[in-house]
Amino acid sequence: MTMTRRDCIAAGLILAGCGSKPKMDERRDVHSFAVPAQVRVKHMDLDVEVDFERKQIRGTVTHTLVRTDRDAPLVLDTRDLKIEKVEAAENAQAAFNQAQFSMGSPDAILGSALTVPLSSGVTAVRVHYATSPAATALQWLEPSQTAGRKRPFLYTQSQAIHARTWIPLQDTPAVRMTYRGRVRTPKDLIALMSARADFRLGNPKEEPNGEYTFRMPQAIPSYLVALAVGQLEFRYISSRTGVWAEPSIVKLAEAEFEDMERMMVAAEKLAGPYAWNRYDVLVLPPSFPFGGMENPLMTFATPTILAGDKSLVSLVAHEMAHSWSGNLVTNATWRDFWLNEGFTTYFERRMLEEVYGTERARMEAVLGRQELDREMATLPTAERVLHIDLKGRDPDDGSTLVPYEKGALFLTALEQAFGREKFDAFLQAYFAKFRFQSITTEQFTAFLKSRLLDSDTAAAAKVDIAEWIEKPGIPANAPQATCESFQPVEAVARQWTEREAPETKPATGGWNTHQWIHFLRALPKELDRKRRTALDRTFGFSKSGNSEVLFEWLIVHVRNGEFSPKLEEFLVRVGRRKYVKPLFEEMVKRPEGLKRAKEIFEKARGGYHALTVSAVEEILKKPPSRA
Ligand SMILES: [Zn+2]
């Protein structure tokens, strides 16, 4: 990383003279202790054992280094790790000797720096370590928390800066490395990593027998290193795509994701050839806090998208799109997160349009905008900005819908101003130019200017780039998402605004999931119990097997002060933050709701991931007053 004049101004160094050596802090990502400009990890060899009895991962990681500054030490990120020993060698194959190391004082967000002074000639450092129960990247599930209920399950979630709680490494998306993994597990469980597996099930010669090896020959950032261990089965969707899931749900997952190859073809048409060999989806137990995590070659996904009718597969399109936006072209810091998520959300809708038609993509865009507006209204001004300032904060704080939906709207505005043909050519050029690189917002805007804006000043005048990227809220001339399929839905929803329920059953035959979601959102905010009961009797929402529909129905209830057993059952079963957070936020607006929220949280928290637990604790700590 070299510093430009512009970086120097940003870092306040211009007075000191840009030629002089900047201080260490000014050369690192604010969310990492590593100084890759001095010593950078280019390859990692992980060799670990997964111990379910002690709920611990332990073993070694060997880092191969590029040393730009011969006097500088290696600095790694750690949080809540037990570091047992550090060794160094001339290279990863040479003999290792014990090395000195020191641990920095712990920071609540960043953890502790592990500093290893390097003598001359050293290019490999091995750390012997073990994880602690506090590791936020790891969720250890009891058999009762899995679909099969017989064997335990472990999965990791490294994004944003949790990788450092299970591996000591340079935990910044600015550093890309290749890796190899060797993982030992109980013999009847299967280990999967975000990499190419060296085993093939069903082939006795390659049976792993409790020891699995993986290789990732393409350089990726630390937040994409992932591991899952459980009782799992695999089904092919096409020769290069497939699904992993617990045996009891693998058939359901196979049917739900049968369009994966078509999505892949649509994505390649838009962004160029798929760069990562295979694409598989691993369906996790319901406590997974996210919809999906785009771990390369192996998307981790929530089972709440198994609706039985492919209505929620936009999530698979989203995670697959990350194979380009995010995994191939990566945000260099968490300030630039919108580059990952805005591009991916835009890209996801283009894929849906290609596979399922324009109207499907439009419905998703309208619903996405509704969710953005709903969340934006609750956010402080500074968090309504794409290029958000996260200095001194946990980067997970930036994970609102703003980088996703506002980012996608921005790209849609560009598409509309310049025309699809020209914008698509720009997208192709963007992915080709920055593949396997981590880039900042400034690099994006410079490329945008030279490749798109300068080519047509009249079109460029329609999109205020600085306003979109640096200012809060949505520009007044933002594209409006509309779709025809929602018009009849709104007409039926209006019928329920009267005091009494409609006498005849409205014509809703053939409505799809998106229309039902829109219907529930379009209902009047205040609905008395009589009308809620009539609604449920007519449409059976409380029995819906579709998690989105059930969630919207529960929101209607909670908003009207009803905290039903169904609500508790849902919140205890599902740990996905997208559902859990809004339900708790709505509950605590009333004193009796706050009481119920606390009771339900006590029952549910044992099954939640650490990220979901802390999100709910935050809500219970400072309940917002009823608006
Ligand atoms: Zn995403």
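**Exercise 1.** Does Ala245 count as buried or exposed, and why?

*Solution.* The model is predicted. Begin with the location: Ala245 belongs to strand 17, which spans residues 241–245. Next, apply the cut-off, by which a residue is buried if 20 or more other C-beta atoms lie within 10 Å of its own. Ala245 has 27 C-beta neighbours inside 10 Å and therefore counts as buried. Finally, consider its contacts: with neighbours within four places in sequence left aside, Ala245 touches Leu232, Glu233, Val250, Ala253 and Val283.

**Exercise 2.** Determine how domain 2 and domain 4 are placed and what the contact takes from each.

*Solution.* First, locate the domains: domain 2 covers 36–226 and domain 4 covers 329–470. Their C-alpha centres are 32 Å apart. The contact draws nine residues from domain 2 and ten residues from domain 4. On the side of domain 2 that touches domain 4, strand 14 (residues 211–221) gives the most, with three residues. The last step is composition: that side of domain 2 consists of seven nonpolar residues, one polar and one charged.

**Exercise 3.** Identify the edge strands of the open sheet of eight strands, and describe how strand 5 is joined to strand 4.

*Solution.* Write down the order, 5-4-8-2-1-11-14-13, and note that the pairing is mixed. Strand 5 (97–98) and strand 13 (196–197) each pair on one side only, and these are the edge strands. Strand 4 (residues 81–89) runs antiparallel to strand 5, and two bridges join them. At the level of residues, Ala88 has Asn97 in strand 5 as its bridge partner.

Terms used:
Residues numbered from 1 in each chain as written. Predicted model: local features only at pLDDT ≥ 70, side-chain atom pairs only at ≥ 80, totals over all residues. Domains from an automatic or database assignment. Contact = placed C-beta atoms within 7 Å. Helix = DSSP H or I, 4+ residues; strand = E, 2+ residues; numbered from the N terminus. Nonpolar A, V, L, I, M, F, W, Y, C, P; charged D, E, K, R; others polar. Buried ≥ 20, exposed ≤ 12 C-beta atoms within 10 Å, placed from the backbone. Pairing = 2+ DSSP bridges.
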